[in-house]
Amino acid sequence: MSTVEPGTLLADRFRLEDRVSESGGATLWKAVDEVLARSVAVYTFSPEFPRIKEVVTAARLASRVSDPRLIQVFDASDETEDGTAYVVSEWVTGDSLLDLLQSGPIEPERGAALVGEAAEALAHAYEVGLTHLNLTPDRLIWTTGNTVKLIGVGLDAAIYGLSADDPAAEDAKGLGRLLYAALTGHWPGEEDHGLPAAPTDDGKVCTPRQVTAGVPGYLDAITCRALFAEPRKGEPPLTTPAQVAEALADVPRPLPAPPVPSTPPAVNLTPDERSRPARPPLATPRQPVIVPPPRTGGALSRVLLSVIVLLVMVAVGVGAWTVGKNLGNTPTVVQTIIQSASPSQKLTVVKPVSATGFDPLGDDKTENPEYAGLAIDGKPSTEWHTQSYTSADLGRLKEGVGLLLDMGKPIRIADVTVLLSNSPGADVELKVGDAAQLSSLKTVAKARNASGTVKLTPEKEATGQYVVIWFTRVPLHEGKYRGTIYEVTVHSPESA
């Protein structure tokens with residue numbers, strides 16, 4: 001009988017540190033590679049585990065696939081001197097698709113790009129005879145290094161004894177499930193895997209466009225072709241991972257990283273552990289996704305506090321900009337345009353009644369209105385964005401475009417906080433007025449070359465029913481240019 005405990009050294013190299021999970025004779029560990037001084041994930045297997053040879057064979061096959069989107073397997077043995085079989089793979093941190101969906105569906109193109117990357121990686125695995133058969137939301141990872149990782153290829157099937165008459169068709173269907181989940185936030189399968197069940201109509205799963213507004217027709221069709229294995233829009237069913245990858249090949253890459261994670265990632269355990277504890281608060285430090293195979297005081301105090309906070313924000317912003325410039329990466333910068341409301345006032349958040357894309361100078365007078373509500377839903381993982389343009393100055397087609405908020409009635413505006421994308425280059429203006437017409441809106445604050453969290457504060461008191469975040473220049477995005485707003489918060493002053 002194996003006596004594997006924390007501190008055990010495997011192959012004179014891999015030191016087991018923390019037992020993460022245990023199920024059916026397979027134990028998952030966080031470990032350290034003492035030769036290369038790096039964290040690794042290790043599966044150990046008891047002598048009674050029935051599929052040791054299948055697991056080790058799958059691990060050795062997986063080690064031959066060089067696709068960086070698949071988890072690297074470093075070592076595998078069907079038996080050590082003390083009778084312990086093990087598999088060693090890389091340890092990866094990040095957010096699983098399940099984590100990303102905790103606040104609802106993500107932007108359709110982003111979700112499709114995630115699944116498209118996974119499909120391409122899985123197609124490469126099929127070239128050496130590997131399958132997956134366990135494509136669930138916790139097996140697709142968006143890493144802290146802004147890359148995609150698909151975990152469990154080959155190994156999940158061997159560890160959990162999964163099989164299928166047509167593995168390629170089953171994995172194509174699995175990719176269809178992942179795409180459905182990304183587009184809707186629901187899971188179209190018998191088990192929930194941490195997501196609510198997909199709604200049905202007359203016993204049949206509803207299509208993504210029936211569940212969530214704003215899903216592009218072509219992504220709805222691709223999902224149905226893979227998930228239901230049926231033709232759509234004159235195109236045949238998708239029955240292999242390679243076909244799914246080809247169908248999603250035109251979705252733009254690389255994937256944009258969300259500027260603010262909505263929740264910290266949970267530890268990614270085995271497929272048997274589907275019940276997850278309550279999610280920790282945002283202040284909780286990020287936990288690794290293990291990737292093995294499967295105001296108090298007087299007025300003077302408030303003034304001093306405001307000054308100190310402002311100085312700290314400026315110092316942090318300058319320091320981050322300097323480091324980012326040296327590394328060739330632009331960090332998220334908090335830009336305070338003007339000092340906040342006076343110490344004699346407190347601020348109240350006022351939620352807009354509605355939001356819409358505002359394009360009074362464009363030909364069609366609209367700008368992605370179906371996404372506008374996502375900028376005021378309280379979820380920084382969702383977004384409204386402009387159309388894509390050929391240059392930062394909106395392709396020289398118009399002087400500006402923006403997001404229009406209807407506050408329901410005229411209110412006093414203390415400031416408006418806007419969460420933009422991390423890419424620099426956005427010139428934005430805050431416009432306020434009593435009519436949803438460009439000529440009736442007055443510019444009360446501006447920010448240049450903005451990114452990240454931007455606070456727009458009017459120099460003089462502004463009052464109006466309509467608030468517009470107006471882009472006059474937009475940043476680079478996947479080879480083109482577009483403005484993105486993840487969240488808008490409107491503050492109104494009240495007497496203290």
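Visitor: What is the order of the strands in the open sheet of three strands?

Guide: The order is β7-β8-β9, and the pairing is antiparallel. A strand here is a DSSP run of E of at least two residues, a helix is a run of H or I of at least four, and both are numbered from the N terminus. The model is predicted, so local features need pLDDT of at least 70 and side-chain atom pairs count only at pLDDT 80 or more, while totals for chains, interfaces and linings use all residues. Residues are numbered from 1 along each chain as its sequence is written, and side-chain values use heavy atoms, with hydrogens and water left out.

Visitor: Why are β7 and β9 said to stand at the edges?

Guide: β7 (94–96) and β9 (148–150) each have a single partner strand, so one side of each lacks a neighbour in the sheet. From one strand to the next, the twist averages 30°; angles run from 0 to 180 degrees between N-to-C directions, and axes are lines fitted to C-alpha atoms, for helices over the stretch in contact.

Visitor: How do you know that β7 and β8 pair?

Guide: Two strands pair if DSSP finds at least two bridges between them. Three bridges join β7 to β8 (residues 140–143), so the condition is met. Across this antiparallel pair, D95 stands opposite W142.

Visitor: What makes β1 and β2 a pair, and what lies between them?

Guide: Two bridges join β1 (residues 9–10) to β2 (residues 14–23), with L10 opposite F14. The two strands form a hairpin with three residues between them, and A11 in the turn has a positive phi of about 55°.

Visitor: Which strands pair with β3?

Guide: β2 pairs with β3 (residues 26–33) in the antiparallel sense over eight bridges, and R19 has W29 as its bridge partner. Their hairpin has two residues between the strands, with G24 in the turn at a positive phi of about 60°. Eight bridges also join β3 to β4, again antiparallel, and T27 stands opposite T44 there. The hairpin of β3 and β4 has four residues between the strands, and A37 takes a positive phi near 55°.

Visitor: Why is β4 called mostly covered?

Guide: Six of the eight residues of β4 (residues 38–45) are buried. Buried means under 20% relative accessible area, exposed means over 50%, and partly exposed is in between, with a 1.4 Å probe and protein chains only. β4 also pairs with β6 (residues 85–90), antiparallel over six bridges, where F45 has A85 as its bridge partner.

Visitor: What makes the largest nonpolar core a core, and which residues touch the most other members?

Guide: A nonpolar core is a set of buried Ala, Val, Leu, Ile, Met, Phe, Trp, Tyr and Cys residues joined through side-chain atoms within 4.5 Å. The largest one has 60 residues, of which F45, L175 and L248 touch the most other members. Helix α3 (residues 108–126) gives the most to this core, with nine residues. A second, separate core of 36 residues includes Y371, W384, V416 and I485.

Visitor: How do you know that the length of α5 agrees with its number of residues?

Guide: The expected span is 1.5 Å times one less than the number of residues. For the 18 residues of α5 (residues 167–184) that gives 26 Å, and the end C-alpha atoms are 25 Å apart, which agrees. Of those 18 residues, 14 are buried, so α5 is largely enclosed by the rest of the structure. Just after α5, G185 takes a positive phi of about 80°.

Visitor: Why are α3 and α5 called roughly antiparallel?

Guide: Their axes come within 8 Å and cross at roughly 165°. Angles under 35 degrees count as roughly parallel, over 145 as roughly antiparallel, 65 to 115 as roughly perpendicular and the rest as oblique. The two helices are therefore roughly antiparallel. Their crossing is right-handed: the near helix is turned clockwise from the far one by less than a right angle, where anticlockwise would be left-handed.

Visitor: Why is A229 called partly exposed?

Guide: The relative accessible area of A229 is 46%, so A229 counts as partly exposed. A229 lies in the loop between α7 (217–227) and α8 (241–247), and its phi is near 50°, a positive value in a residue other than glycine. Most residues other than glycine have a negative phi.

Visitor: What is the phi of E478, and where does E478 lie?

Guide: E478 has a positive phi of about 50° although it is not a glycine, and lies in the loop between β22 (476–477) and β23 (480–481). With a relative accessible area of 30%, E478 is partly exposed.
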